[in-house]
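Please open the model in a viewer and keep the selection panel at hand. The tour proceeds by selections, each followed by a short description.

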Amino acid sequence: MIASKRIGDGTFRVGVGLQKAWGLHMATAFFFGEAGAGLYFVSQFFDFVLGMVVGLALVLFGKAGGHVLHLGQPLRGWRALAKVRTSWVSRGLAAILVFVVAGSLHVADAMTGMLPAFVSQLVAAAALVSCFVIMVYQGFAMSHSSAIALWSGGQMPIASLTYALLNGVLLTLVLGFGEPFLAEQPETVRLLQVFAVALMLYGLVTVLSLLHGARHASEAGRESVMLLLRGGFARWFVPLVIGLGLVVSALMMLAAPPAFSWMLAIAGLELTGYYAFRVLVFKAGGYDPALSYAYRFRH
Amino acid sequence: MATWGMVFDLRRCIGCNACAVACKQENSLPDGVFFTKTLSEEVGEFPDVTRTYVPTICNHCEDAPCERVCPTGATYTRADGIVMVDREKCIGCGTCIVACPYDQRTRLEPEMLDEGLFGGGRLTPFEEQGIGRFTVGTVVKCTFCHERVDAGLQPACVSTCPTEARIFGDLDDPTSRPRRLIQERRGRQPLAEKNTNPRVFYID
Amino acid sequence: MENSTQAVQNSMKPGKWLYSSCKMCLHSCNTRIHVTDDGVINKVEGNPASPSNNGRLCPKGNAAIMRHYDPARFRTPLRRTNPEKGPGVDPKWEPIGWDEALDLVGRELKRTLEDDPRKLLPAINDFQKLFLWAWPAALGNANYFSSVGNFCGGGYHPMNGFIHASFAAANDVNYCNYWINNGGGDGFSSHLHTAAQANHVAKARLERNMRVVVVEPRLSIGAAKANEWVPIRPATDRQFALGLAHVLVAEKLYDAKFLKRDTNAPYLVGPDGYFVRNGEGKIYVWDAVDGCARLWDDPELKDLALEGTYSIDGQACRPAFQKFKDILADCTPEQMEAITTVPAATTRRIAREFAKAAQIGSFIEIDGRVLPLRPAGYNYYRGAQGHKYSTMANHAFKLVNFLVGAIDTPGGHVGVTLDDQMQDIRGGMGQVQPGENGMMKTMPHQLHPEVPFSWPPNETHLMGFFPIGVDPGHLTQHTLADADKFGLDYRPDTMLLCHSNPLWNLPGDREQWHALLRSMRFVVAIDILPNETNEWADVILPSHDLLESWNMTMIEPPHHEGMCLRQPATAPLYDTKSEEEIFYELSERLGVLETWNGILNFVNGFLQKPELMLEAGRKYSDREIAERKGLLWNGKGLDWYIEHGHAVTPRRPDKWYRPWEGLRLHFYIEDIVRARDTLRQKMEAADVPFRHEWAWDDYQPLPTPVPDPVHLEPAEFDLYAITFKDIQINFGESIGNPWINDIVFKDPVHTAVLLNPKTARERKLGDGDVVRIESPYGSIVAKLALSEGVHPDAVCVSNALSRVATQNTGVRHGGGNFNQLLPANLKNTDACSGQPETVAKVKLTKLVGVPAGLAAGNSVFGEGRAH
């Protein structure tokens, strides 16, 4: 409708334009980044080698692979290291490199004890710090983009961290279920379950707060939130991200017996919700019109 | 050294998009790619209704988010304030695209360059002479027609605008036309709240 | 990159600049063309040294390169090999050589001429080579199957000829402070030198605070930029103007001095509609001081009465002004509101504002000449005047200007010549000549001399029955459907198309037009790109495009004059020829070379400078003709034009303002009454059977508020469909150009038809619904887009939606041609001017989806690539 349509959809109308630059490849990379780093992060605390290896692999192949597929000029990807001082993408790439090297060394060291103690601690610390950067920088890269109100409210790095930790806890519960550090210590499982529930609730509040902030930040923010809660994306966002990914999985976790199938099911639901979050928050990201009069008249 | 900027006179603009086509001519842009375009917006309800025309272009912001977020340094600002993209450095990550509040950047996808303006992959001699300036997978945007500006000419969109709704000049020079217009008619920057300090101003 | 030495921007690459002129619409904005050292044209810009377009170009002008390099261009002469003809049917072209093609066309045309020259239907519409239009005259043929009368002005051009002795008209942007635009895009989106006018009008708006009031059913570009948009029910513009006139007269806001001194408003009109004359033919006026009738030029005359009823020799008579006042008695703003929907208070206010802005009584000195200053003008064009009672509509708009004395005066509404031809006179068809009784000679025949009446009719569209109009090509459908009734003792069987697309342009039923095309024994088309009509051709003769050819013209420039050069920027890309060469070759083959040169000498004005006359038996190139036209204008040769590009200067005030000084203008057009009676006599004498059906009431010396017949269609057709063109598609023809497509089809007003949301709600229609739009004459299919900028009674169809599938795959087709909603019949044609109705009463029916045939392929309904 010419009279009141607010989404520009590529036509020469003043309205909210949806970003198309970051799509499925980027969402997938972000997904694997925060799943892999989260898993590694939790695993390193438990010296859980399989978790660390899988975490590294998810970051190396999933995240980096997604980025390579996304890039217009992947062979020049190394150039992205150039602006660590200003660019979160640069910082992220640096963190990935440090993480892959330090993480791998740490895993090798954990398995063989090959490194001297001091170096070992240094490597472990480097792996943990770079892993932590990966767990949050994607959020900063998004919120750094003041162009898109849905992303820039400041909640995005918190959402990243929350989701990464949650992913890490749940994946640890799944991958490590039969492992001694869990099998032999039921209180650890309980603790992780409580952690997971807390993170789910925290994540729920973070996501709602993110939407709340965007809703009142600008016209584009409101349109983005409308798209997610009422518009074309609502049929995915509400049931998957809010419903299964956070609410249902939290309730299940509260009620869950210490059974592998339960952990697997909950992790599956949460990761589905999280992937949907990554995809839909990209798709619903909208630019404000540079100049709009109708907006003023209507509201 | 001048600092180049542009003023859009919204009272003059008739939304004809001669600017957009002149830009396509000057810059050999592929189908669907625009460095500048003029949008329209219906305002009000019948019979108390009008339509505004809003020209848009890269604002060559003083605090350019695109430059800030670029991981490779491909986006840079010339001494005269023109924000450029070095296609040799750009990796096509698109971070600048999502960082630009004005939605003024486009990544060149293979089909944009391969398809040709008439479709079917047949390139006209016009396209053949112009296509070499583009690298697939890199990000492009308005350069204020930097080569024309360097040669003392106006950007193509400015020189063709039938109603002279685009006024280009040195924002450092208090006697320049854009500076005078900004002062006299209270020029305002698009999405000033984004703190990008655009070098493009709107007057109405 | 800063350190890059190689230019990436097209205009900065190594190459050369050439001066030329645009032809992406019919007007001739001045350009400069950049050609690279490799011979590729890579930039076309406005010529910064042109005072007319000031270095500016509209989007179409900016897209010339895409026409030049369009792969769909005709590259060699082509012969049809598919005997089956039909819309969208591939002609299966076979390339042939020029000699073969010209011989073939010459042979077929000769056959037609030997049989009956009237059987040829020529449609020659190159506006920058107007002289080509005269080619059929060399064959003794006036059967112009053209569409020019429909969508510019069947009534418009003759009325300008009556009022200004000119082809077109414009408000004088130099001084105007109150600009009414009614149904025309002048200064914003279309018509005279769009880029130039938009430039000057924007300056007037911004730098002089010129107020703009736009009267239109749709919020057009002009309406969007205006200080005030006055939405009006379609086809009621005349009534709005008469409402204004009512207020101006009732409140005595008119320029009585102007009317008395410079017009025939005081001339006394008898009951028969003619001026009251003495035995020697001199016209009487009434001396208001002495209370007696006197001859108009009686030196004893003290004050001429504008009002009153008098008696001369027992015959009641009234001044022409009083006659108009009598009509206006029934044109109160309240009465007009019932027709136009424009609130009476708005009409009154605008009339008062207009009169106030006109500054009646003020003067200005320009070039030592003291002129009345009337900085208010009522401008209008196709949408306002394209109705059954077109002559009356045109006249009504002019009379608003008359009342405030704003005709041909600084700031007012001024006549615009088609082509001035030479500097020392306002030449061409725009010459001002004295007529009888102190009046200016009316010049209603601006495009070609009057076509004589004939019975049986020589012209299928009955041009001989329209003594003051523009060729009503659309009537060909009407007359051939009932050929016996219209006395057609022949059937046309040959068609010559030259830059003309009648199947797109003409109103009426497509099937009937297709039947006409099918009945052609031979069709030849001179053109650049495939279109709806030339896909029916038997032979295509490809012409150069505007970047490959020579020409010299200055067509319809409102505020400027002087020839504009077109020169080739490259050698022809393909095996094409200039139109001049093609017509010379055909003339030679038909044995009319001598006649053709004679006609060219006449229409180009070469007769005025004998040294420029074309020799009878020679063939001339486009370059040679262009050179002569340049020499005729200012005595400068082609070298001078190549160096300067144009001879454009602002119109000289003595030729622009009141060039008729000392003569009286036709407030009351007695010539229309005379034309009616002369035609009636001829029809009586020839015993034309349909003479009693002829719409004799269409011939009015003054306009009346009678509603156009479109309002009387059956009540089920409850909306009015109108068509519009924005600046990107001004004068059509650019859909298919990728750059134009790229901007046009991103604007939703060009991909769906516009309807007011309230109207839609009442009909339970919604945004995006697919509807059938049906008039009593035809139907189209379209998607709806709801817009507050639409009169509740209107359905607005962009011209971009009116293309249908052609051999040119770049052209996106809409859901049928708007023109098929329009009647191509006499009932809806102005019997005075030949102008057909251009508004259709329609009803909307919701469809479940886009019909399969339309959704497929390259239509506006399709998804994906913009074109």
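**A helix in chain C**

Select helix 18 of chain C first: nine of its twelve residues are buried, so this helix is largely enclosed by the rest of the structure. The coordinates belong to a predicted model. The helix covers residues 579-590. To display the enclosed part, select C:Glu579, C:Glu580, C:Glu581, C:Ile582, C:Phe583, C:Tyr584, C:Glu585, C:Leu586 and C:Ser587, which are the buried residues of helix 18 of chain C. A residue counts as buried here if 20 or more other C-beta atoms lie within 10 Å of its own.

Next, check the length of the helix. At 1.5 Å a residue, the twelve residues of helix 18 of chain C should span 16 Å, and the C-alpha atoms at its ends are 16 Å apart, which agrees. Then step to C:Gly591, which follows helix 18 of chain C and has a positive phi, near 75 degrees.

**Chain C as a whole**

Now select the whole of chain C, which has 26 helices and 32 strands. Along the principal axes, the C-alpha atoms of chain C fill a box of roughly 80 × 75 × 70 Å. How does its radius of gyration relate to that of a compact globule? For 867 residues, such a globule would have a radius of gyration near 29 Å; chain C has 27 Å, which agrees. Buried residues account for 64% of the 867 residues in chain C. Of the contacts in chain C between residues at least 6 apart in sequence, 71% join residues at least 24 apart.

**Where chain A meets chain C**

Add chain A to the selection: seven residues of chain A are in contact with ten residues of chain C. The side of chain A that touches chain C comprises four nonpolar, two polar and one charged residues.

**A sheet in chain B**

Move to chain B and select strands 8, 1 and 9, which form an open sheet of three strands in the order 8-1-9, with mixed pairing. Strand 8 (166-170) and strand 9 (200-203) of chain B stand at the edges with a single partner strand each, so one side of each has no neighbour in the sheet. On average, neighbouring strands of this sheet are turned by 25 degrees against each other, direction ignored.

Zoom in on strand 1 (residues 4-9) of chain B, which runs antiparallel to strand 8 of chain B and is joined to it by five bridges. Within strand 8 of chain B, B:Asp170 stands opposite B:Trp4.

Finally, select helix 8 (residues 177-184) of chain B, which packs on the sheet and touches strand 1, strand 8 and strand 9 of chain B. The direction of helix 8 makes about 115 degrees with that of strand 8 of chain B.

Methods:
Residues are numbered from 1 along each chain as its sequence is written. Chains are lettered from A and ligands numbered from 1 in the order in which they are written. This is a predicted model: local features need pLDDT of at least 70, side-chain atom pairs count only at pLDDT 80 or more; totals for chains, interfaces and linings use all residues. Helices (H or I, at least four residues) and strands (E, at least two) are DSSP runs, numbered from the N terminus. The expected span of a helix is 1.5 Å times one less than its number of residues. The radius of gyration is taken over C-alpha atoms; the globule rule is 2.2 Å times the number of residues to the power 0.38. Two residues are in contact if their C-beta atoms, placed from the backbone, lie within 7 Å. Ala, Val, Leu, Ile, Met, Phe, Trp, Tyr, Cys and Pro count as nonpolar, Asp, Glu, Lys and Arg as charged, and the others, Gly among them, as polar. Two strands pair if DSSP finds at least two bridges between them. Axes are lines fitted to C-alpha atoms, for helices over the stretch in contact, and angles run from 0 to 180 degrees between N-to-C directions.
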